[in-house]
Every structure is written in structure tokens, then in C-alpha cells.
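Welcome, and thank you for taking a look at this protein. Please open the structure alongside the text and follow along at your own pace.

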Amino acid sequence: MPRSAIRLAVVLSAGLWALPAAAQGDNVTIAVGGAFTSLDPHFHNLTPNSALTQHLFDRLVNPDPDLRPEAALATSWTAVEPNVWEFRLRDDARFHDGTPFTADDVAFTLARVSALRSGPGGYAIYTRPVQEVVVVNPQTVRLVTAAPAPLIPAFMAALPMIGRRHGEGAATSDYNSGQAAIGTGPYRLVSYTAGDRAVFQRNEQWWGGAQPWNRVTVRLIANDSARIAALKAGDADLIDQVPTRDARSLAAEPRLVVFSKAGVRNIYLHLDLLREETPFVTDARGNRLASNPLRDPRVRQALSMAINRAGIVAQVMDGYASPSGQFLPQGAMGSDPGLTPDAYDMAAARRLLAEAGYPEGFSVTLHGPNDRYVNDAQILQAVAQMWTRIGVRTRVEALPSSTYFTRSARDEFSIGLLGWGTGTGEADSPLSSLVATRDAARGRGASNRSGYSNAAVDQLLDRALSTLDAAAREDLYRQATRIAIGDRAILPLHHQVNLWAARSGLVYEGRSDERTMAMSLRRGAR
């Protein structure tokens with residue numbers, strides 16, 4: 001990261017500044033920028049929802065800040081056979097009402113996820129490989145898969161556990177009302193107001209030991225300026241999604257401290273490769289084209305080469321990102337150290353357009369959200385200006401994320417901006433979701449907005465997902481990645497750096513998955 005040398009933490013040599021009134025006691029207020037939509041832990045696999053519900057609901061395996069698995073409700077897990085994973089459960093975990101957590105609750109959770117039809121969902125990708133759940137005894141459960149499934153422990157790190165007693169017959173509305181929002185987590189629910197806030201009380205009997213905060217209020221403040229103002233006024237003790245333009249100035253304030261963590265989220269563009277005619281592409285004069293130019297690999301390469309990724313990182317992201325040429329950042333499981341972004345070369349991009357039969361270019365509308373990813377609207381404008389310079393006249397339509405994601409899921413756009421990371425720390429997630437051939441029955445291609453399909457990628461992914469040896473699995477991920485990126489199934493732009501700001505005297509342990517949770521916040525000097 002170009003500005004990695006910036007000292008983000010500001011600590012006074014004479015001691016810590018006095019904490020705001022809330023944090024002087026055992027209470028803390030967290031203001032988040034991402035809208036959470038439900039307390040139902042399986043309603044929508046959305047980062048703000050996952051972070052919020054993790055206060056209430058534990059997982060069998062806990063992802064650490066770098067997405068490495070740690071023991072949680074399960075104390076150990078072993079592949080007792082190539083297609084059988086055994087999880088030994090802790091015997092001291094209790095739900096908030098005192099009910100013991102047992103293997104039967106694991107079976108109930110997996111069955112509920114598979115059967116849930118309300119809401120956007122997204123958790124079935126973690127349960128689909130499981131063919132059978134065998135309750136050996138109250139503290140032992142076995143997950144049987146049709147083939148070797150090396151990622152089952154990582155999948156369980158992404159799956160919140162609920163209880164049969166509390167969840168049987170419960171609808172999403174019962175979780176939002178609090179009636180069913182009873183988990184084994186470090187906090188109990190006090191109140192929840194959709195679109196506004198959630199209040200949690202410390203669970204004194206939590207198996208992991210009582211948390212330092214007695215009461216936690218998580219407020220939604222979507223507006224960046226309002227979120228920063230709340231922090232400066234002492235109305236919030238911690239905020240997330242710090243705008244990159246404000247990070248340096250906030251870090252310079254003696255009563256504030258900024259924390260950063262390189263993230264796994266890749267910001268990218270998807271292009272319509274599926275339709276012969278695509279709705280938002282015309283010729284240079286606005287007339288309908290006989291064929292969809294985005295299906296020509298030379299056009300996709302030209303569009304990629306016209307993007308100055310380093311310029312976007314420096315000028316739009318203020319240095320808090322890294323240019324991307326693949327799904328995951330360097331060092332992540334499955335990333336290819338030899339795979340770099342397309343070189344920025346506008347002359348070569350124009351030549352490729354001419355070779356493809358578009359010497360005068362064409363016109364497109366570039367869609368994307370204006371309130372979901374860091375600087376998303378500015379990124380859209382920057383790309384539009386770059387494409388216009390090579391003759392691809394680009395109009396931007398930035399939409400609220402609620403509208404954009406709904407329309408994107410219906411394949412309404414020709415080119416759109418999205419972001420994707422990984423819940424497992426491996427390349428399985430972007431490969432399975434973004435570029436695998438669409439196959440709802442197998443849970444493949446669920447977010448493949450390009451309509452890309454390549455049998456070689458699918459076959460390599462199949463092999464990777466049944467390979468227990470980590471080194472061999474990573475090699476298969478890399479092979480599949482090289483093919484898909486070589487085809488420009490998506491156009492990667494950059495990987496985000498996650499930013500938080502807090503009052504001095506508080507330390508936030510940043511997470512690569514972007515989650516903002518009270519469990520990662522403590523008192524102390526950085």
C-alpha cells in the first residue's frame with residue numbers, strides 16, 4: 001500500500017486521553033456505515049448482518065481476523081474418513097436461556113438453512129455439500145459429504161448456529177422481534193430497531209469469558225460525514241468505513257486513533273457475456289448494435305487496459321487499496337503471485353478496439369452502487385472518464401445499493417461494479433460464485449453476473465473442492481484463476497483496505513473480512 005508507512009495510531013506519551021462518557025463505564029456505542037437488514041442469522045449473507053448477528057450467535061469454528069479457523073462451539077474437527085468430518089462440541093456452551101448447546105442444534109441449523117426460502121439467503125453454499133448430519137452423541141456430530149470436502153471447517157466458520165428449541169417454526173420476523181434471537185453468543189439482545197440500531201447486553205455466562213463491555217449499542221449511520229461527526233462529538237466510540245479522504249486528518253487529531261487492515265474484498269466490473277444483444281450498449285451514435293461487443297475478448301481486454309488502476313488507488317482511494325489483477329490479494333490462499341493487473345496502455349486499447357471492428361468505439365452505461373463500497377460512485381466516474389478517452393463513450397448511473405443489487409440480480413445491466421471477498425480465506429468463494437457456470441442446483445455461479453462459462457474452470461474447481469491436500473488444492477485454484485482472468489470473465493480493479501476510527505484509549509483489532517464487532521474492541525494503548 002503506497003501509504004503503508006503512515007502512522008495511523010495517535011497515542012499520547014503522557015498517557016491516554018480521558019474516554020468519552022460512554023466508554024468510561026462498561027458501555028460502548030459503535031456507529032456503522034453498512035446497513036444491517038435483519039437479526040435472522042440466515043436471512044441474508046451480508047457483511048453488516050454477519051457482524052451484527054455474531055454478537056448473538058456463535059459458530060462451530062471461529063474465523064480469526066485473518067480468516068484462519070479457531071475453536072469455538074467446536075473444540076476440534078477431524079476428517080475421520082475422506083467424506084466424513086467429525087466435530088467435537090464443547091460441553092459448557094449454553095443458550096441465553098440456559099439451554100445446553102448440543103449436536104442436535106447443529107443438525108437443526110443445517111436443516112433450516114437448506115429449507116429457508118425467505119430473504120436473499122446465501123448461506124446454502126455452506127450446507128449444500130453436506131448429505132447427512134449424524135448426531136453421534138450430544139457433544140459429537142458428523143457431517144457426511146458426497147465427496148471429500150476439505151472446506152467444511154471453513155464453511156462452519158461462516159454459519160451461525162441456532163437452537164432447535166428457539167428456532168423451530170420461527171420466521172425471520174420472530175428473530176427481528178427478539179422472540180427467537182436467542183443464541184450462545186457473548187451478548188444477549190436488549191432491543192432491535194430495523195434501519196436504526198441494535199442494543200446488546202453482556203452475557204455473563206458466555207463460554208468464552210465475559211466481554212469487557214456491559215452494554216453495546218450498534219447504530220446505523222450511513223452518511224460518512226454524520227458518522228465522523230458522531231465520533232468527534234463523543235456520541236460514538238468506534239466507527240467503521242472511514243472515508244479514505246478523511247483517514248489522515250482523523251489520525252492527526254490527538255483524541256482519535258485510526259486502524260487499518262488489508263482486506264480480501266476485490267472491487268471489480270462484470271460485463272454481459274451472455275446475451276447477443278445487451279441493453280446498455282449502442283454504437284457511437286446511439287443506435288442498436290447488431291451484436292454485443294462485450295462478448296469479444298479483444299474488447300474486454302481493451303476495456304481492461306484502458307483502466308489506470310494505480311491512478312484509481314492513488315487519486316480515488318487515497319492510497320488505501322492495492323491494484324488488483326485477480327480475485328484475492330497476494331498471499332491469500334489461491335492467489336497467483338505471477339498474475340498481475342493488465343498494463344495501463346491506452347494506445348494498445350484503441351488498437352484492440354479497431355481490430356475487433358470498433359474503430360470509432362461505442363457507447364455504454366456503467367452501473368454501480370453509490371453507498372456500498374468505499375468511494376464506489378467516484379470509482380465509476382473515474383472508469384467512465386478512462387473509457388471515454390479510448391472512444392467508449394461512458395455514461396454513469398450510480399444507484400442506492402438496495403435498488404442496484406435487486407436489479408443486478410435480475411441481469412438488467414450490461415456492465416456493473418461489484419465487490420467480493422471470501423468467507424473461507426481461500427479462492428473457492430469467488431471461483432464458485434463469480435465465474436463458475438450458473439447451476440442453482442449445485443450452488444454455483446450464484447453471483448455470476450457476466451454469465452461466463454468455461455468447462456475447464458468448472459472442472460478445475462470441482463477437483464479443488466474435493467482435494468484435501470492444501471498445496472494441491474491451491475495449485476488447482478491458481479489454474480482456474482488464470483483461465484478465468486485470462487478470459488476477462490471479470491475486470492478486477494483493486495482490493496480495499498479496511499479503516500476504522502475510535503476514541504483514544506480504545507483499540508480495535510481490524511479484520512480482513514471488514515466486520516465491525518464489539519468483540520474486537522478493547523481498552524488499551526496501541
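The report below walks through sheets, a loop glycine and some helices. Please keep in mind that this is a predicted model.

**A sheet of four strands**

A good place to begin is the open sheet with the strand order β4-β5-β7-β6, in which the pairing is antiparallel. Its edge strands are β4 (74-81) and β6 (130-137), each of which pairs on one side only. From one strand to the next, the twist averages 20°. Helix α3 (residues 103-115) packs on this sheet and touches β5, β6 and β7. The direction of α3 makes about 165° with that of β6.

Within the sheet, β6 and β7 form a hairpin with two residues between them. Asn-137 stands opposite Thr-140 in β7. Thr-140 is also the bridge partner of Arg-88. As general background, strands of a sheet pair through backbone hydrogen bonds, either parallel or antiparallel.

**Strand pairs at a glance**

Here are some pairs from the sheet above, together with pairs made by β8, β9 and β10.

| Strand pair | Sense | Bridges |
|---|---|---|
| β5 (residues 84-89) and β7 (residues 140-145) | antiparallel | five bridges |
| β6 and β7 | antiparallel | six bridges |
| β8 (residues 187-193) and β9 (residues 197-202) | antiparallel | six bridges |
| β9 and β10 (residues 215-220) | antiparallel | five bridges |

**Around strand β9**

Strand β9 pairs with β8 and with β10. In the β8 pairing, Leu-189 has Phe-200 of β9 as its bridge partner. Towards β10, Arg-197 is partnered by Arg-219. The hairpin of β8 and β9 has three residues between the strands, and Gly-195 in this hairpin takes a positive phi near 75°.

**A glycine in a loop**

Now look at the loop between α3 and α4 (124-127), where Gly-121 is found. Is Gly-121 buried or exposed? With a relative accessible area of 16%, Gly-121 is buried, because the cut-off for buried is under 20%. Which residues does Gly-121 touch, leaving aside those up to four places away in sequence? They are His-42, Phe-43, His-44 and Asn-45. Phe-43 is 78 residues apart from Gly-121 along the chain, yet their C-alpha atoms are separated by 5.0 Å.

**Helix α14 and its buried face**

Helix α14 (residues 401-409) has Ser-401, Tyr-404, Arg-407 and Ser-408 as its buried residues. Why do they line one face of the helix? Seen down the axis of α14, the buried residues fall within an arc of 140°, so they line one face. A general rule helps here: an α-helix has 3.6 residues a turn, so residues three or four places apart point the same way. The cover over the buried residues of α14 includes β12 (256-271), β15 (362-369), β16 (392-399) and β17 (415-420). After α14 comes Asp-411, with a positive phi near 60°.

**Two helices packed together**

Our last stop is a helix pair. Helix α15 (residues 428-435) packs against helix α17 (residues 470-486) at an angle of about 35°, and their axes are 10 Å apart. Their crossing is left-handed. On the α15 side, the contact is made by Asp-428, Leu-431 and Val-435. On the α17 side, Tyr-477, Ala-480, Thr-481 and Ala-484 take part. Sorted by class, this contact has five nonpolar, one polar and one charged residues.

Technical notes. Residues are numbered from 1 along each chain as its sequence is written. This is a predicted model: local features need pLDDT of at least 70, side-chain atom pairs count only at pLDDT 80 or more; totals for chains, interfaces and linings use all residues. Side-chain values use heavy atoms; hydrogens and water are left out. Axes are lines fitted to C-alpha atoms, for helices over the stretch in contact, and angles run from 0 to 180 degrees between N-to-C directions. A crossing is left-handed if the near helix is turned anticlockwise from the far one by less than a right angle, and right-handed if clockwise. Contact means heavy atoms within 4.5 Å. Ala, Val, Leu, Ile, Met, Phe, Trp, Tyr, Cys and Pro count as nonpolar, Asp, Glu, Lys and Arg as charged, and the others, Gly among them, as polar. Buried means under 20% relative accessible area, exposed over 50%, partly exposed in between (1.4 Å probe, protein chains only). The arc is that of the directions from the helix axis to the C-beta atoms. Two strands pair if DSSP finds at least two bridges between them.
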